[in-house]
Amino acid sequence: MFGDNAVIDIGINDQQNLPENGDSSNATAIKHLRNFSRRMCASVSSASRFSMLPRFESSNDARYDNFKTWSGKLERQISNFRGNPIELNTISDSQETEAESLPALDRYLDALEGPELDTLRASEKLVLPEDKTWPFLLRFPISSFGMCLGVGSQAMLWKALALSPTMSFMNISLTINLVLWCIAIGVFSLVASLYLLKVIFYFEAVKREYYHPVRINFFFAPWIACLFFAIGLPPHVGKNIPQIAWYVLMAPILSLDLKIYGQWMLGGERKLSKVANPSNHLAVVGNFVGSLLGASLGLKEGPIFFFAVGLAHYSVLFVTLYQRLPTNETLTKELHPVFFLFIAAPSVACTAWAKISGEFGIGARIPYFIAMFLYSSLAVRVNFFRGFRFSLAWWAYTFPMAGAAIATIRYAEQVNNLNSKALALTLSIISTFIVSILLIYTILHAFVFKSLFPNDIAIAISHKKSKSKTKLQRSTSIDLESCESPVKPAQ
Amino acid sequence: MKNQQGLGYFKDGFSQDLPPLFISITSEGVVGFDTNSSPRRDCNGTEVAYNSNNPATVGSPTLPATEGHNRSHSVSISLPASPSAMYIDRSKIDIFCNNSETEDSHEKLKHSTCTNSSILPVMKHAKFHSQPMHVGFTSAKKLDQVLSIKDEQYNSFKTWSGKLENQLSNLRRKPQDQIKINDSQDREAEALPAVDRYFDALEGPELETLKAQEELVLPEDKTWPFLLRFPISSFGMCLGVSSQAMLWKTLAKSASLSFLNVSPDVNLVLWCIALALICLVATIYLLKIIFFFETVRREYYHPVRVNFFFAPWIACLFLAIGVPPQVTKNLHSSLWYVLMAPILCLELKIYGQWMSGGQRRLSKVANPSNHLSIVGNFVGALLGASMGLKEGPVFFFAVGLAHYIVLFVTLYQRLPTNETLPKELHPVFFLFIAAPSVACMSWAKITGNFDLGSRIAYFIAMFLYVSLAVRINFFRGFRFSLAWWAYTFPTTGAAIATITYTAEVSNVLTKTLAITLSTISTLTVLALLISTILHAFVFHNLFPNDIAIAITYKRPKWRKKQCSHHRTQSSDAKDIEASVTKDSATP
C-alpha cells in the first residue's frame with residue numbers, strides 16, 4: 001500500500017518532467033515547470049520515501065524514522081545527498097525538508113476532522129502505515145495528561161468535601177483525598193515519564209502535536225495537573241507547598257500563554273478566528289488555577305496578575321466561541337464532551353476570586369452563576385452525548401465538573417441552606433460518578449478491547465494533499481489552475 | 001496622465017476650460033465622432049438636443065452628469081479601444097496635442113470592429129469605451145494644466161476654489177443638464193471615495209501605501225503643497241511629548257521614587273515644548289482645514305486616519321494632566337467639559353458607525369489604531385477624577401470599558417474581514433497597552449485607591465507589554481512615519497501606571513520595573529526624536545506625499561497588460577452593463 005503511493009507519486013513527477021524535456025509548446029512547458037516547482041516538496045518527500053523503500057522491506061522500523069529524534073534527520077540528510085543530482089531544488093532543500101516535517105496549520109484543518117481534529121478525512125492518506133499498530137510511544141498522545149487532570153481534580157474535590165464546615169455532616173474522611181492524591185501522583189508520574197520518553201525518542205511527533213491546533217492546548221495539561229496536586233495536597237502530606245514552587249509551576253504556563261496569546265493577537269496562520277475550539281479553555285483555565293493556588297499560598301500580586309491575564313483572554317475566547325464564526329472549522333455541529341470545558345474557567349475563576357478578595361463576594365458570585373448557567377445549559381442537552389468514539393482526552397473534560405462542585409461547596413459555605421448543600425452534594429456525586437464511568441471505560445478499552453491507544457492519526461498527516469486517490473489526469477489539471485491563479489495578479 | 005485618473009475629483013476644477021478644446025476637436029470633423037448614434041439612445045432621447053448645437057454637445061460630458069451621459073460621449077475624447085493601447089499611447093496622450101488626439105480617435109474607431117454595422121454591437125462597444133472615461137477626462141485635464149497654471153492640479157482639494165468653480169459651471173450648464181436633482185449627491189460620492197476604495201487602493205497597517213496597480217489623483221512625481229502633505233497623524237507628536245511631560249511630573253511627585261531626585265523643572269520644560277508643539281501643529285492643521293478642506297474630509301473618511309482625529313483632544317487632556325505645579329495647581333473644571341465635548345461627539349459618531357454598521361462596521365475597519373478612539377475616554381476619566389469630579393469620569397470610564405471590550409475581542413479574533421491588520425508585528429500594536437494602563441490609573445483615581453480593579457487593568461497592560469516585548473526583534477523593516485509618535489504614549493502610560501502601582505506595592509522589584517519602563521519610554525521618544533530630526537533635515541522626507549488622501553474614486557483600468565486584455569474587456573463590459581441597467585432604462 002505504502003509502496004504503491006510512492007510509485008504513483010513518482011509517476012506524477014515523471015508526468016511533469018515529460019513536457020519540460022519534450023518538444024511541446026513553450027507555454028505549456030513553462031506552466032509545467034511552475035507546476036513542478038510548486039510540487040517540489042511533494043516530490044522531495046516521495047523521493048526520500050522512495051530512498052527508504054528498499055529498507056523497510058527488510059527492517060520494519062525504518063518507516064517511523066521520520067518521527068525519531070535523531071535518526072530521522074540523519075536519514076533525510078543521507079537521502080538528500082543521494083537525491084541531490086536527481087532533484088533540481090538544492091538551494092531550498094533544507095527549507096523544504098523542514099516544511100515537510102511540519103505540516104502547515106491549514107493542512108491540519110484540511111486533513112483532519114472531528115471536534116478534536118483527530119479523525120482522518122476520507123480523501124487523505126497518512127505518512128505512517130494505516131493498517132498496522134504503530135510503536136507505543138507514537139500512539140501515546142499528549143491528551144493522556146487529561147487523566148491526571150481528572151484524578152487530580154477528584155483529589156481536590158474530596159479534600160474540599162472533607163474540610164468544608166458546611167459538609168461536615170457527611171463525615172467524609174480525609175483518607176479518600178490521600179488515596180486519590182496518591183493515585184493521581186502515580187498516574188502523573190507514569191504519564192509524564194512516558195511522554196518524556198516520547199519527547200526524547202520521537203521529538204518530531206511531539207512537534208507535530210505542538211503544531212496541531214487542538215492538541216497544543218493539552219500542553220497546558222501537565223502544569224495544570226501539577227497545580228491541582230498542589231491545591232489538593234492532603235494535610236497528611238503537608239500543609240502547603242512552598243511559595244517558590246508556585247513560581248516554578250507558573251513559569252511554563254506564562255511562557256505558553258505568551259506564545260499562544262501572542263499567536264492569537266499577532267496572527268499569522270493561528271489567529272483565533274481560525275483555531276478557536278472549546279479546548280482553548282485549557283489555555284485559559286491555567287491562569288485561574290494558578291491564581292487560586294497562589295492566593296491560597298498567601299501571595300498577593302502574582303495571583304492577581306494571572307487572574308487579570310486569564311480574565312482578558314477568557315472574555316476574548318468566550319465571545320469568539322459563542323459567535324461560532326464561519327471560519328472556525330473545528331467547532332462541532334452537535335454537542336460533544338469537549339463543551340464541558342466551558343464550565344471550567346468561570347467555576348475556577350469564582351474560587352480564585354474568592355481567595356484573592358478574601359470573601360465570596362459579588363465578584364465571585366458572578367462567575368459562579370455563569371458557570372452554573374452553562375452547566376445546566378449543557379446538562380439539559382446531555383442526551384446528545386453519544387455516538388462519539390471514546391478517547392483518553394475525555395478525562396480532561398471531567399475536571400470542569402469537579403471544579404463546579406468545588407465552587408458550589410464554597411458557595412454553600414457562604415449561603416448555608418438546604419438547597420445549596422443539596423446542590424453541592426449532587427454536583428460532587430455527578431462528578432465522581434462520571435469519573436468512575438470513565439475509569440471503567442478506560443479499563444475496558446485498555447484490557448478488553450485493547451484499543452486505549454489507537455494509532456494517533458493526528459500526528460501522521462501528510463504534508464501535501466494526497467493526490468493518489470483521485471485520478472491522475474484531473475489532479476494535474478487542477479494543479480495547473482491553482483498554479484496559474486497566483487501568477488495572475490502579478491501581470 | 002498617470003496621476004490624473006480620478007475624473008471625479010477634478011471635474012470641479014477644469015470644466016470651465018474644456019469647451020475650447022472640444023470645439024477644436026469638433027472643428028476637425030472627426031469621422032464618427034458625433035455620428036455614433038447608438039449611445040445616445042441610451043439616454044432615451046434626452047440627448048437629441050445635443051445634436052443641434054455641437055460645442056455644447058461636446059462640452060456636456062464634463063458636467064457632473066449621470067454616468068449615462070458621460071459614457072455616451074466618452075468615446076469621442078481619447079478613449080483607446082483597449083487599455084493596452086492606452087498604455088502604449090500614454091506618452092502621446094501626455095503631450096496631448098489636438099492632432100494626435102484626433103488621430104487616436106480615428107484609429108480607435110477603426111479598431112472597434114463594427115462601428116457602422118448593427119446597432120447592438122456598437123452599443124456594446126460604446127459601453128466598453130465608456131469605461132476608461134476617466135482617462136479621457138483626466139488627460140484632457142492634463143492638457144489644461146499643461147497649458148495653464150500648474151497649481152490647478154490641487155484645486156479640487158481646495159476649500160472654495162473648487163466649489164466656486166463648480167457652481168459657476170453649473171450655472172452655465174443648467175439648461176443642458178437634465179439631472180439637476182441628484183447632482184449634488186453625485187458630486188459628493190465622487191469627491192469622497194467609499195470605504196471600500198480605501199481598502200482596495202491602499203495597503204499596509206496604516207493604510208497609506210498605494211497598491212501597485214492603483215493610481216493617484218495628484219502627481220506622484222512631484223512634491224505636493226506642504227499643507228496637503230501634512231497629515232492628521234502629526235498630532236501623534238503632541239501625544240508623545242505631552243505624555244512625557246506627564247511621566248516626568250509623576251516621577252518628580254512620586255513618593256516611592258523620591259530617591260531619584262527628579263527635578264520638577266524637567267516636567268516644566270517638556271510641558272512647554274509640548275504646548276508649543278501642539279500650538280504649531282494645530283495652527284498648521286487649521287490652515288489645512290481652511291485651505292484644503294477636501295483633504296481633511298478625505299482623512300476623516302480614511303478608516304485608519306479617522307482615529308487620529310482624537311489625538312488633538314487627547315493631547316490637550318495630557319497637557320492638562322501634566323500641567324506643571326509651577327504653572328497652576330488646579331485647573332478649572334470647565335476645562336474638562338470643554339475638552340470632553342469634542343471627544344464625546346467623535347465617539348457618538350464612530351461607535352455609532354460600529355454599531356449600526358454600514359460600510360464602516362468594526363468587523364471591517366478594526367485596526368489597532370482604533371485604540372486611540374477608546375483611550376480618550378480613560379484619559380478623560382483620569383483628568384476628571386483628579387479634578388475632583390464625580391459622575392462625569394465614571395460616565396466616560398463606563399463608555400470606554402464597554403467599547404474597549406468590543407474592540408479588544410475583535411482585534412484578538414483577527415477576523416478574516418479585517419484586511420488592515422498587519423501580518424507581522426508593527427509599532428501600531430503598542431497601542432494595545434494604552435487603554436488598560438490608562439484605565440488602571442483612572443479607576444484608581446475614581447475609587448480613590450489602587451484596588452483589585454485597577455490591578456486587573458494594570459496586569460493586563462503588563463502582560464500585553466511583555467507579550468509585545470518578547471517579539472520586539474520583529475520591529476524592523478518598516479518605513480518611519482510620523483504616526484509612530486502616537487505609538488510611544490502607551491509605553492509612557494504603562495510607565496506612569498507602574499509608578500502609581502509602585503506607590504501601592506513598594507519594593508525593589510516594582511521600583512526597578514518603574515524605572516526600567518520610564519527609561520524605555522524616554523529612550524523610545526528620544527530615538528523617535530532623532531529619527532524625526534534626521535528625516536526632517538537630512539533626508540528631507542519627514543512629510544512625504546500623503547498617498548492616503550489622493551486615491552482615485554474608481555479603480556484604474558488601463559494598466560492591465562495585453563494578455564489579460566480580453567478578459568478585462570469582457571468583464572468590463574459586464575460591469576458596465578450591470579451598472580447601466582441599474583442606472584437607467586437601457587435595454
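Let's start where the two chains meet: between chain B and chain A there is 1 salt bridge. Keep in mind as you look around that this is a predicted model. The salt bridge in question pairs B:R455 with A:E301, and the closest N and O atoms are 2.3 Å apart. Polar contacts add to the picture, with 10 residue pairs in polar contact between chain B and chain A, both residues at pLDDT 80 or more.

Which parts of chain B do the touching? The elements that give two or more residues to the side facing chain A are helix 22 (391-413) and helix 24 (452-469) of chain B. Helix 24 of chain B makes the largest contribution to that side, with 11 residues. Sort the residues on this side of chain B by class and you get 21 nonpolar, 3 polar and 5 charged.

Now for the extent of the meeting. In total, 29 residues of chain B are in contact with 36 residues of chain A. The size of an interface is often given as the accessible area lost when the parts come together. Here chain B and chain A bury about 2800 Å² between them, and 75% of that is on carbon and sulfur atoms. Three residues are worth picking out on the B side: B:Y412, B:Q413 and B:F463 supply 26% of the area that chain B buries against chain A, more than any other three residues.

B:F463 turns up again when you look at the aromatic rings. One aromatic cluster takes in residues from chain A, namely A:W246, A:Y247, A:Y261, A:W264, A:F305 and A:F306, together with B:F450, B:Y458, B:F459, B:F463 and B:Y501 from chain B.

Over all chains, the structure holds 57 aromatic pairs. A pair of aromatic rings is described by the distance of the centres and the angle of the planes. Take B:F235 and B:Y285: their ring centres are 5.9 Å apart and their planes sit at 65 degrees, so this pair is edge-to-face. B:F235 lies in helix 15 (residues 235-253) of chain B while B:Y285 lies in helix 16 (residues 264-291) of chain B, so the pair ties together parts that are 50 residues apart in sequence. Both B:F235 and B:Y285 are buried. Another edge-to-face pair is B:Y300 with B:Y301, at 5.7 Å centre to centre and 85 degrees between the planes. B:Y300 is partly exposed, with a relative accessible area of 23%, and B:Y301 is partly exposed too, at 26%.

Back to charges. Over all chains, the count comes to 10 salt bridges. One of them joins the side chains of A:E209 and A:K198, at 3.1 Å from N to O. A:E209 belongs to helix 9 (residues 203-211) of chain A and A:K198 to helix 8 (residues 174-201) of chain A, so the pair ties together parts that are 11 residues apart in sequence. Are these two charged residues buried or exposed? A:E209 has a relative accessibility of 1%, so it counts as buried, and A:K198, at 0%, counts as buried as well. They don't act as a lone pair either: A:K198, A:E209, A:R215 and A:D456 are linked in a network of salt bridges.

Chain B has a salt bridge between B:E299 and B:K288, with the closest N and O atoms 3.0 Å apart. B:E299 is in helix 17 (residues 293-301) of chain B and B:K288 is in helix 16 of chain B, so this pair ties together parts that are 11 residues apart in sequence. Both B:E299 and B:K288 are buried.

For a salt bridge inside a single helix, look at A:E413 and A:R410, whose side chains meet at 3.0 Å, N to O. Both lie in helix 17 (residues 399-414) of chain A, 3 residues apart, which is about one turn of the helix. A:E413 is partly exposed, with a relative accessible area of 32%, and A:R410 is partly exposed at 27%.

Step back to chain A as a whole, and its secondary structure comes to 19 helices and 2 strands. Of its 491 residues, 56% count as buried.

Definitions and conventions. Residues are numbered from 1 along each chain as its sequence is written. Chains are lettered from A and ligands numbered from 1 in the order in which they are written. This is a predicted model: local features need pLDDT of at least 70, side-chain atom pairs count only at pLDDT 80 or more; totals for chains, interfaces and linings use all residues. Side-chain values use heavy atoms; hydrogens and water are left out. Contact means heavy atoms within 4.5 Å. Buried area is the accessible area (1.4 Å probe) that two parts lose on being put together, summed over both. A salt bridge is a side-chain nitrogen of Lys or Arg within 4 Å of a carboxyl oxygen of Asp or Glu. A polar contact is a pair of N or O atoms within 3.5 Å; within protein, one must be able to donate a hydrogen and the other to accept it, and residues adjacent in sequence count only if both atoms are side-chain atoms. Helices (H or I, at least four residues) and strands (E, at least two) are DSSP runs, numbered from the N terminus. Ala, Val, Leu, Ile, Met, Phe, Trp, Tyr, Cys and Pro count as nonpolar, Asp, Glu, Lys and Arg as charged, and the others, Gly among them, as polar. Rings of Phe, Tyr and Trp (its six-membered ring) pair if their centres lie within 6.5 Å; planes under 30 degrees apart count as stacked, over 60 as edge-to-face and the rest as tilted. Buried means under 20% relative accessible area, exposed over 50%, partly exposed in between (1.4 Å probe, protein chains only).
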